[in-house]
Amino acid sequence: MDIAAIDSYALSSPIDPPQDRAFHGGTRRLLKRDVVLVVVETTDGRRGFATAGASSSAMTEYFEGDSQGTFADIMEGPVADALEGERIDAITDAHDLIRAADVPAGDVTEAISAVDVALYDLRGKEHGVPIYELLAEEYDTDPTLELPLYASAGMYMEPEGFAEQAAVIEDLGFFGYKYRPGIGPDGDRRTVELLADALDETEFMLDVHTWWKLGEAYGRETVRDLVEHAGERGAYWVEEPVEPDDYEGYVDLAETGTPLAGGESEESPQGLVDLGETGAVSFLQGDVRHHEGFTGCRDAVEFCAGRDDVEFVPHNFGTWLGLAANAHLVAAAPETRLLEYPVFENDPALDAGTVAGMYPFELAFDIIEGEPDVEDGVLSVPEGPGLGIDVDLDVIEEYPFTDGPWTEFHYDDE
């Protein structure tokens, strides 16, 4: 492939009016969601697509002052300078060129991730095959095109609200219901009790998302008690119960016997493997959008393959374009079957009148033409060339970028 152009667009999907969500010790204000759309064009006119930007889990743009606009500038600056005019035979050639370029150290992995996905999209279009076929050849697997989904939904509600939402998710046929606790130890414990009693076929997962650590609101002993309680009541996993680099914390909590999940906030593909090697997580959550694309996730996938103690389940949170990308990985990767499906308000692929999503994120849907094929909680992987979806470039005009953080935290003791 001969690279002609790298274009990058920072986009914002407003939450209007802003939403305030009370958590234990403060209030979180949701202002917008940001996306960076990356377009890689070859000299023969083909275009490959990816979404990119700072990990929503690490929230780099909030804690360190970076923004999605900054990242888009990097993609059109040093990354484009490194790749435009180059011939890419192996996709890893692009990785090497980006590493050798003048890209800020904190953005190298994100830049490689976007370019890797876009190049796989191009390679699939070049050969007239979906990405999962390219990956299945690399993994020597037979792809699985019907993927069970777990719904990634509830955020900071009263316990009864979580239970009501979970019941709807179960009616829709999803494998699991994942929610964000953090309303206080008593409320979190009560939520687990209600979900355990309410759900028959659908599993439930807690995405603690390190909130139990924010402001030191809970403390390690309380966190351990809550993790143990969730496991005793049948939680499928507890995700990121400690800060991402607290491997000792993971190991300590694993002693409770409760299955743990983590990895989305690891800063590199090697970090994913390092977390897996602790033996503390039962589910390792790489993401093609944050861990150097399909190429970067391969070591973590292969680390999990053949093991009974850890399963690769990709993190996937954002747009339907990102959903398609991670779906191709799950379809082809050995012993990988489950995919995260974020549920936002008024999701047109679901019955919009029956389930309330986390918050509005219209860009998540509008970035592609059409809808993913979701029925009874199962996604049919797109079978067209490359990602198998058509990106709607009208979003570039319809969702102009607005600077500033997408979320804010206000603590009661401030």
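**Group meeting talk: strands, rings and charges**

Okay, let's start with a pair of charges: Arg 29 and Asp 20 make a salt bridge, and their closest N and O atoms are 2.7 Å apart. Keep in mind that what you see up there is a predicted model. How open are these two side chains? Arg 29 has a relative accessible area of 32%, so it is partly exposed. Asp 20 comes out at 43% relative accessibility, and that makes it partly exposed as well.

That's one salt bridge, but a search of the whole structure turns up 21 salt bridges. Another one is between the side chains of Arg 87 and Asp 89, at 3.2 Å from N to O. Here Arg 87 is exposed, because its relative accessible area is 52% and the cut-off for exposed is over 50%.

Now for a salt bridge in another setting. Lys 178 pairs up with Glu 239, with 2.9 Å between the closest N and O atoms. Lys 178 sits in strand E5 and Glu 239 in strand E7, so this contact ties together parts that are 61 residues apart in sequence. Are these two buried or exposed? Both Lys 178 and Glu 239 are buried. And they have company: salt bridges with shared partners join Lys 178, Arg 180, Asp 207, Glu 239 and Glu 340 into one network.

Let's look at the strands around there. Find strand E6, residues 203–207. Four of its five residues are buried, so E6 is largely enclosed by the rest of the structure. What does E6 pair with? There's strand E5, residues 176–180, which pairs with E6 in the parallel sense over four bridges. If you want to spot that pairing on screen, look for Lys 178, whose bridge partner in E6 is Met 205. To get from E5 to E6, the chain goes through helix H7, residues 185–198, and this β-α-β crossover is right-handed.

E6 also pairs with strand E7, residues 237–239; those two run parallel and are joined by three bridges. In that pairing, Asp 207 stands opposite Glu 239 in E7. You've heard both of those names already, as Asp 207 and Glu 239 belong to the salt-bridge network.

On to the rings. How many aromatic pairs does a search of the whole structure find? The count is 16 aromatic pairs. Take Phe 23 and Tyr 411: they're edge-to-face, 6.0 Å centre to centre, with 85° between the planes. Phe 23 is in strand E1 (residues 3–23) and Tyr 411 is in strand E14 (residues 407–411), so to speak a long-distance call, since the pair links distant parts of the chain, 388 residues apart. Phe 23 has 10% relative accessibility, so it counts as buried, while Tyr 411, at 22%, counts as partly exposed.

Next, Phe 317 and Phe 344. Why do we call them edge-to-face? Because their planes are at 75°, and anything over 60 degrees counts as edge-to-face; the ring centres are 5.5 Å apart. Both of these Phe residues are buried.

There's a cluster to find, too: Tyr 150, Phe 175, Tyr 236, Trp 237 and Phe 283 form one aromatic cluster.

Last stop, charges meeting rings. The charged end of Arg 298 sits over the ring of Tyr 139, 5.0 Å from the ring centre. Then there's Arg 307, which lies over the face of Phe 303, at 4.0 Å from the ring centre. That's my tour, thanks!

Methods:
Residues numbered from 1 in each chain as written. Predicted model: local features only at pLDDT ≥ 70, side-chain atom pairs only at ≥ 80, totals over all residues. Heavy atoms only, no water. Buried < 20%, exposed > 50% of the residue type's maximum accessible area, 1.4 Å probe, protein only. Pairing = 2+ DSSP bridges. Right-handed = clockwise from strand over helix to strand, strands pointing away. Phe/Tyr/Trp six-rings, centres within 6.5 Å; stacked < 30°, edge-to-face > 60°. Lys NZ or Arg CZ within 6 Å of the ring centre and 35° of its normal. Salt bridge = Lys/Arg side-chain N within 4 Å of Asp/Glu carboxyl O.
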